[in-house]
Structure formats: C-alpha cells, structure tokens
Amino acid sequence: MAVTGIAGRAPRRTRSLLDLLYRPEVRQVLFQIILIIALAALFWMIVSNTAANLRRQNIASGFGFWNTTAGFDISQTLIQYTNTSTYGRVFWVGLTNTLLVAAIGVVLATMLGFVMGIARLSRNWLIARLATVYIETIRNIPLLLQLFVWYFAVLKSLPPPRQSLELMGGAVLNLRGLYLPEPLPQPGFEAPLAVLVLGILAAIGLAIWAKRRQRLTGAQFHTGLAALVLIVVLPAAIFFLVGAPLEFDYPTLRGFNYAGGIVVLPELLALLLGLVIYTGAFIAEIVRAGIQGVPKGQHEAANAIGLSTGQTLRLVVIPQAMRIIIPPLTSNYLSLIKNSSLAVAIAYPDLVSVFAGTVLNQTGQAVEVILITMLVYLSLSLITSLLMNWFNARMALIER
Amino acid sequence: MAVQRDLATGTPIAAASAPMPPPRSEVGAIGWVRHNLFSSWSNALLTAVALFVIWKLVDGIISWGIVNAVWSGDDGSACRVEGSGACWIFIKAKIGQFIFGRYPEEERWRVNGVFILAGAGLLPLMVPRIPGKTWSAAYTLFIFPVIAFWLLTGSASGPGAGLLDLLGLCLAVAGLAAFALSRSKSARVPPQTLRLVSGFCFLLAYPLLMRWLCSTSGLLNLRPVPTELWGGLLVTLVVASVGITGSFPVGIALALGRRSRMPFVRWASVGFIEFVRGVPLITVLFMASVMLPLFLPAGVSFDKLLRALVGVALFAGAYMAETIRGGLQAIPRGQFEAAQALGLSYAQRMGLIVLPQALKLVIPGIVNSFVGLFKDTSLVLIIGLFDVLGIVQLNLTDAKWFAPSTAMTGYVFAGFVFWVFCFGMSRYSQMIERRLAAGDRR
C-alpha cells in the first residue's frame with residue numbers, strides 16, 4: 001500500500017508488512033495455505049501411524065482378503081453362497097440383503113406415511129387424534145429400541161413351530177419366522193403373463209394418447225376404466241380360460257419345523273416392522289405439512305370450477321403438495337437406507353452385520369473393510385438423491 | 001312497553017325478526033359429535049373403526065400394565081406366573097443400574113450432585129421469567145462442565161498432569177500479557193485483536209487451572225471412577241449433552257465454511273459434511289472405536305467413552321451445519337452489506353448481525369437435530385457402552401429375572417425415558433419459537 005507521509009512525516013515503512021497482513025486477499029490466501037498444511041499433516045500422520053500400527057500387529061493390508069475363503073454360514077442369502085465362498089461373495093450377499101430391506105422398507109414406509117399423514121388431517125376427530133398419537137409416540141423413541149421390541153419382545157415370544165399361528169391364505173407365523181405359500185407357475189402360465197405385459201404396455205400407450213387428445217380437443221377418455229380392463233380383467237379371464245395354471249406350495253409341519261413355502265426370517269420381519277413404522281411416522285408429518293402448505297384458495301378455486309373432491313385432490317392439491325413433500329421425503333429415504341445398518345443389533349445379515357462385523361473380526365483389516373462399507377453407503381445415498389432429484393425436477397413448478 | 005305487532009296479521013314483529021336459536025342438534029356436545037364424528041356414513045364407519053382400535057389399545061394397556069402387572073416380589077418367579085403382565089418389580093430392583101450403570105454405590109451421590117448442578121444451571125436458562133440469563137449461561141457453559149468432569153471422574157492426577165498445569169499457567173500469563181498490551185496505547189496490533197487473543201488464552205487456561213485447583217486443594221479427594229463403570233441414564237445424558245454442545249460450534253464452523261468465498265475452505269467443508277451425512281452413524285462409531293486407535297501413535301490411547309463422544313459430536317455437527325446453512329441462506333444480502341458498510345469485521349458481522357437472525361430462523365431444525373442426536377445416543381451400545389437401552393438389554397440376560405414379560409417391561413421403561421426427553425425438547429422449542437416470533441406477530 002502506498003502510504004505517503006502527511007505534513008512532512010516520514011512514510012511508515014515499518015508497518016507495511018503488518019498492513020499487508022490486514023488485506024483481506026492476503027489473509028484469505030494465508031488462511032487457506034494454513035488449512036491445507038494442517039489437513040495434509042493430519043492425513044500424513046494418520047497414514048504413517050496406521051502403517052506402523054498395522055506392521056506392529058502383523059495385520060496384512062490391501063485387498064488380498066477379497067478372494068480368501070470365508071468359512072462361515074449366513075442365514076439369508078439371495079445369491080448363491082456356501083461357507084466355502086470368498087469374502088468378496090460375503091460382501092455381495094450383505095449388499096443384496098441391505099438392498100432388499102431398503103427397497104421393501106421405502107415402499108411400505110411411503111404407503112404407511114401417506115395414509116397416516118392424510119389421517120392426521122382427517123375431518124374425523126378420533127382418526128386425527130389416533131394418527132397424532134402414533135406420530136408423536138413413534139417419532140420420539142429411538143429406532144434401535146423399537147427394533148429390540150419387535151425382535152426380542154414380540155417375535156421371540158411367539159409360539160414354537162408346533163403351536164404356530166395360522167394366518168390367512170395358508171401363511172404361518174412362529175418363532176422361526178413367517179412362512180408364506182410360494183406360487184409355482186405350471187405350464188400354460190405364459191399366456192396370461194404375456195397378456196398382462198401387453199395389457200400394461202397398451203394401457204400406457206392409451207394414457208399418452210388420451211392425454212394428447214384431451215390437450216388438443218378437450219374431449220375426455222376413461223383411461224382408468226380401460227386400464228382396469230386391460231391389466232386386470234383380460235389377463236384374469238385368459239388365466240381362468242387356460243385352466244388356472246398356478247399352484248401354491250403351502251408350508252407344512254414336518255417333524256419339528258415347517259417346510260416349503262417362502263420363509264421370512266424373524267430378523268428381516270423385525271427390521272422391516274421397525275424401519276417402516278419409524279420412518280412412516282416421519283413421512284406422515286411431511287405429508288401433513290405438504291398438504292397444509294397448499295393454499296386454501298386452491299381448494300376453493302377447484303370447487304368453484306366444479307371439480308369433484310377426488311378430482312380436486314388428484315389434479316390440484318396433490319401435485320402442488322408433492323413439490324413440498326419430495327425434498328424432505330428424499331432425506332427420509334436416505335435415513336431409512338442408513339438406518340437399515342442397525343440390522344447388526346438384531347443379527348439380520350446385512351452389509352454392516354456380515355461384512356463390517358464378521359469379516360472385519362476374522363481378517364482384522366479394519367481400514368479396508370470400514371472404507372468399503374462407507375463407500376457403499378455413500379454411493380447408495382448418492383444414487384437415491386440423484387433419482388429423487390430427477391423426480392423432483394419433473395414435479396417442480398415450470399416457471400418462465 | 002307494548003309489543004309491536006304487524007298491522008296485517010297481528011303477529012309480534014320482534015319475535016319474527018330476531019334470529020331463531022340454532023337447532024339443538026347443531027350446537028353443544030351433540031352438534032360437535034354430529035359434525036366431527038358422524039357427518040356422513042363413511043365418517044361414521046371410520047369413527048366405529050377408531051373406537052374399536054382405541055378400546056383395544058386402552059384395554060390392552062390397562063390389563064397388561066396395571067391389572068395383571070406384578071407389583072410386589074423379590075425376583076422373577078412372581079413374573080413367571082401364567083398370564084401375568086408387566087414385571088414392574090424388575091424395574092424397581094434394577095432402577096439404580098438403569099440410572100447410574102455400574103457406578104460404585106457409595107459414590108453415586110456425586111452423579112446426583114451433577115444432576116442437581118445441571119438442573120441449577122439449566123432451569124434459570126430455560127424458564128423465561130427467571131432473570132440473570134448471562135450469569136446462568138456463564139455458569140452452565142464454563143463452571144459447571146469442569147465441576148461435573150471432576151465430580152464424575154474423580155481426581156484426575158495421572159501422568160502428564162504436571163505438564164498440563166504448566167501449560168495452563170503459561171496460557172494464563174499469555175492471556176494477561178495480551179490484555180495488558182491491549183490497554184496500552186503504543187501497541188502496534190489493534191486492541192480488539194489483542195483482546196480476542198487474551199480471551200482465547202483465558203478460555204484454554206481456565207479448565208486446566210480449575211483442574212489443578214481441584215486436585216491440589218485436597219479438601220475433596222475423590223476416588224477415581226473409570227468411565228467403564230458409567231452407564232444407564234448417566235451415559236445417555238453425558239453423550240447427549242456433550243454431543244449437543246459439541247455439535248453446535250462444529251456445525252456453525254462448517255456452515256460458515258461452506259458459504260465461504262475461499263475455495264479450499266468451501267471444498268473441505270462440503271467434503272466433510274457430505275461424507276458424514278452419507279454414511280450411517282454406526283460406521284462412524286465403528287470408525288471411532290476400531291480405526292481411531294490405529295490412527296494414533298503407539299501407546300497413545302483414548303478413553304472409549306471419549307472416542308464415542310468425538311464420533312457423535314462430529315456426526316451431529318455435519319447435520320447441524322446443513323440446518324444452520326438453511327438459516328444463513330435466508331438472511332438477505334443487504335444485512336451482510338449493511339454490516340460491512342458499518343465497518344464491522346468478519347467475526348462481528350457474523351456474530352452480531354447474521355448468526356443471531358439465522359439461528360432464530362432455524363430453531364425448529366436445530367431442535368430436530370438435538371432430538372435426533374438424543375435418540376442416536378442409544379447406538380453407543382453397539383460399540384460396547386451401556387446407555388439406558390444398553391443397560392436394560394444387559395439386565396435382560398440376568399437369569400434371576402427371566403420371565404416372558406421382562407423384556408417388554410424393560411423396553412417400555414427405556415422407551416418412556418427417551419420419549420419424555422425428546423417430546424419435552426420438541427414442546428419446549430415450540431414455546432421458544434412462539435416467544436421469539438412475538439415481533440413478527442400481527
């Protein structure tokens with residue numbers, strides 16, 4: 001800075017260095033350099049310490065363990081797995097189990113959340129109060145505690161297989177899990193299946209055509225009714241015409257346990273119950289806020305132009321409410337995916353349980369295993385956000 | 001006065017023109033029931049369903065929790081009787097463990113003392129009508145933590161204590177020197193910088209000197225209690241309160257960093273926030289418990305509780321940062337510019353103008369983070385610490401108390417504890433929000 005002397009005083013050269021320090025640009029650069037050096041030093045310290053510690057404890061590093069035989073069994077495997085499979089295979093088993101819980105959980109929690117959110121706004125006082133009690137109770141109790149309740153207090157106190165609870169449609173519930181009848185397609189099942197697929201495609205095409213026609217001419221078309229015929233009535237008719245080629249494998253008691261059917265492990269059941277009921281309460285609050293966020297004038301305007309209650313909801317209120325709902329809904333989906341890692345507490349074989357738990361304990365390679373696990377959750381979060389952002393962009397208000 | 005009558009018909013005019021009272025079925029309790037419960041057939045059906053659900057729930061709760069519950073007995077045998085409900089004697093017998101964990105029985109007065117001291121600080125802070133907020137805040141933030149630390153851990157005179165004392169003394173001297181320099185006119189560095197430096201030195205020196213005073217006074221030589229013995233509500237409250245107070249400055253720093261004009265600071269903040277928010281808390285806790293020992297030089301080891309505290313505070317800080325960023329984004333640019341025009345420094349702009357407004361805007365979000373953090377404290381049981389839930393879970397394995405209803409009883413107790421704190425926090429924040437919004441009310 002060029003400081004010239006005033007009234008004959010000498011220029012204050014001695015302060016120029018300090019003055020330089022008070023210039024914002026200089027400070028910014030200095031501050032960033034300090035931060036970079038500090039972070040680099042921290043990183044270097046961590047790496048060198050870890051390397052030294054691992055050498056001292058004789059723990060191998062690198063990803064050589066990926067192809068080593070695991071040697072333990074997993075209670076639920078969606079892909080081929082035996083105890084002679086590799087640790088890499090264990091990773092994929094854990095990942096698919098996590099994805100299974102996440103996918104079912106997201107769908108069911110959304111359904112429960114929307115029902116409860118709308119129930120909380122119900123004109124029926126009792127229903128609204130019941131929904132409020134559900135939301136305020138569930139939201140304020142830790143998920144881990146709820147998982148324990150479902151697993152240890154409810155499902156583990158179910159009767160043993162010989163005194164199982166018989167449910168509707170041949171399903172059975174006991175200490176060992178939920179047994180569902182398994183559908184077995186017989187020869188000839190392809191015909192109704194093909195009709196169903198064609199029907200769905202035709203219904204989509206019909207909807208596009210009807211929308212375009214309505215935009216051009218204003219004439220309406222009963223898309224819903226046509227879709228019902230195409231997707232439900234027609235395939236069902238064909239199905240019975242070719243002689244109902246579908247049989248069910250019902251679970252039956254053989255000796256001390258049930259055999260046949262699809263088995264849902266109590267761990268999976270408890271995890272799903274906990275996740276869905278917990279996340280559902282949060283989604284319900286979001287849905288309520290979204291619906292209340294639509295101005296009252298929108299309802300009134302829709303009434304004034306003669307739309308029915310259903311049309312008002314479907315065409316006016318919900319599309320606008322969705323804009324408010326989607327961003328927080330996304331973060332709830334993300335937290336459901338992350339919360340599925342609590343499976344480790346009730347021994348459901350998810351990624352954290354079998355990979356960051358058993359594999360880590362057997363190999364001792366904490367750094368590699370935890371890093372891989374974190375990367376998986378990071379990419380799952382990223383993919384979900386990308387999908388939901390795309391959906392959000394489609395639903396967003398189109399402005400000039 | 002005579003009643004006015006219509007000339008043609010002779011009916012009293014006043015009676016005809018006065019509004020008729022509404023029908024009995026439209027007002028009062030009957031009207032309310034008709035409008036809210038039986039306005040249509042579908043509504044009446046819903047009411048019936050709701051009544052059925054409520055009846056089932058209330059009946060179940062009363063018969064399990066009161067009528068069939070076991071209220072007296074010395075061990076689980078009373079609860080093993082067929083058809084018995086909640087095993088409340090289990091809670092009664094174990095309540096000491098649920099609150100203090102394995103903290104030695106004759107030392108539990110120390111924990112109670114900490115609870116009372118915390119209440120003495122928080123109550124005047126939280127009740128708006130009690131005056132002296134500055135002093136209570138100073139006590140709660142600076143004096144209470146040191147006393148609580150000393151009371152809970154006992155006299156901490158381990159190796160390196162002498163070095164800490166020396167460091168505290170040096171910091172205090174440096175702080176005094178900086179303060180003295182800021183008063184003299186000949187100093188080349190601006191006085192506010194010096195005052196900031198001296199305040200910083202005092203802040204660091206204070207806990208060290210307090211520790212020294214406590215340990216050398218010898219008046220109250222407490223027995224050390226290692227953190228492995230802590231448990232129950234004590235651990236839950238310690239983790240939650242340290243996490244809450246720790247996550248706040250971390251969150252503010254990260255939020256300001258994310259909005260900084262310095263690219264590297266911004267990238268570092270964004271990277272940290274998005275990484276932590278993308279992974280589950282369990283993996284962060286695993287990292288704190290399994291990987292942190294690997295990161296440190298050989299021989300240096302952290303307390304397990306401290307490791308969990310660091311993990312929880314950093315995790316909650318990343319979420320707090322996003323909440324606070326929302327508030328910062330809502331403050332109009334004019335506020336920054338006006339503060340700049342007044343010649344305020346960055347710290348003054350943020351501390352006096354921007355943050356007070358931004359934080360007020362996001363109180364609901366901040367309390368949501370706090371409630372989330374409080375619930376997340378239950379996860380420390382996975383890395384082997386015993387919070388309320390952990391200690392309940394541990395006691396369920398006690399063979400003496402084995403009974404079908406013990407598990408549910410324990411979980412109901414733990415759930416109630418969590419619910420009271422979380423529900424209380426959210427209700428309190430709603431009250432504060434209403435108070436702070438008084439200026440915006442029309």
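Modeller: Two residues are in contact if their C-beta atoms, placed from the backbone, lie within 7 Å. Take A:Ala219. Leaving out residues up to four places away in sequence, A:Ala219 touches A:Arg213 and A:Gln214. This is a predicted model: local features need pLDDT of at least 70, side-chain atom pairs count only at pLDDT 80 or more, and totals for chains, interfaces and linings use all residues. Residues are numbered from 1 along each chain as its sequence is written, while chains are lettered from A and ligands numbered from 1 in the order in which they are written.

Biologist: Where does A:Ala219 lie? Is A:Ala219 buried or exposed?

Modeller: A residue is buried if 20 or more other C-beta atoms lie within 10 Å of its own, exposed if 12 or fewer, and partly exposed in between. A:Ala219 is exposed because it has 8 C-beta neighbours inside 10 Å. The loop between helix 6 and helix 7 of chain A holds A:Ala219. Helices (H or I, at least four residues) and strands (E, at least two) are DSSP runs, numbered from the N terminus. A:Leu230 is 11 residues from A:Ala219 in sequence, and their C-alpha atoms are 21 Å apart.

Biologist: At what angle do the axes of helix 6 and helix 7 of chain A cross?

Modeller: Axes are lines fitted to C-alpha atoms, for helices over the stretch in contact, with angles from 0 to 180 degrees between N-to-C directions. Helix 6 (residues 190-217) and helix 7 (residues 223-241) of chain A cross at roughly 170°, and their axes come within 8 Å. Helix 6 of chain A is therefore roughly antiparallel to helix 7 of chain A; the term applies to angles over 145 degrees. Helix 6 of chain A contributes residues including A:Val195, A:Leu196 and A:Gly199. From helix 7 of chain A come, among others, A:Leu230, A:Ile231 and A:Leu234.

Biologist: How do the residues of that helix 6 to helix 7 contact in chain A divide by class?

Modeller: The classes are fixed lists. Ala, Val, Leu, Ile, Met, Phe, Trp, Tyr, Cys and Pro count as nonpolar, Asp, Glu, Lys and Arg as charged, and the others, Gly among them, as polar. This contact has 18 nonpolar residues, two polar and no charged.

Biologist: Which strands of chain A form an open sheet, and in what order?

Modeller: Two strands pair if DSSP finds at least two bridges between them. In chain A, four strands form an open sheet, ordered 1-2-3-8, with antiparallel pairing. Strand 1 (165-166) and strand 8 (262-264) of chain A are the edges, each pairing on one side only.

Biologist: Walk me across it.

Modeller: Two bridges link strand 1 to strand 2 (residues 172-174) of chain A. There A:Glu166 stands opposite A:Val172. Strand 2 of chain A then pairs with strand 3 (residues 177-180) over three bridges, and A:Val172 faces A:Tyr179. These two strands of chain A form a hairpin with two residues between them. Three bridges also join strand 3 to strand 8 of chain A, where A:Leu180 is opposite A:Ile262.

Biologist: What should I note about the phi of A:Ala347?

Modeller: Its sign. Phi is positive there, about 65°, although A:Ala347 is not a glycine. A:Ala347 sits in the loop between helix 10 (309-339) and helix 11 (351-363) of chain A. A:Ala347 is partly exposed because it has 17 C-beta neighbours inside 10 Å.

Biologist: What is the radius of gyration of chain A, and what would a compact globule of 400 residues have?

Modeller: The radius is taken over C-alpha atoms, and the globule rule is 2.2 Å times the number of residues to the power 0.38. Chain A has 30 Å, against near 21 Å for a compact globule of 400 residues. Along the principal axes, the C-alpha atoms of chain A fill a box of roughly 110 × 70 × 45 Å. Buried residues are 28% of chain A. Its secondary structure comes to 12 helices and eight strands.

Biologist: How many residues does each of chain A and chain B give to their contact?

Modeller: Chain A gives 49 residues and chain B gives 46. On the side of chain B that touches chain A, helix 17 gives the most, with nine residues. That side has 35 nonpolar, nine polar and two charged residues.

Definitions and conventions:
Parallel < 35°, antiparallel > 145°, perpendicular 65-115°, else oblique.
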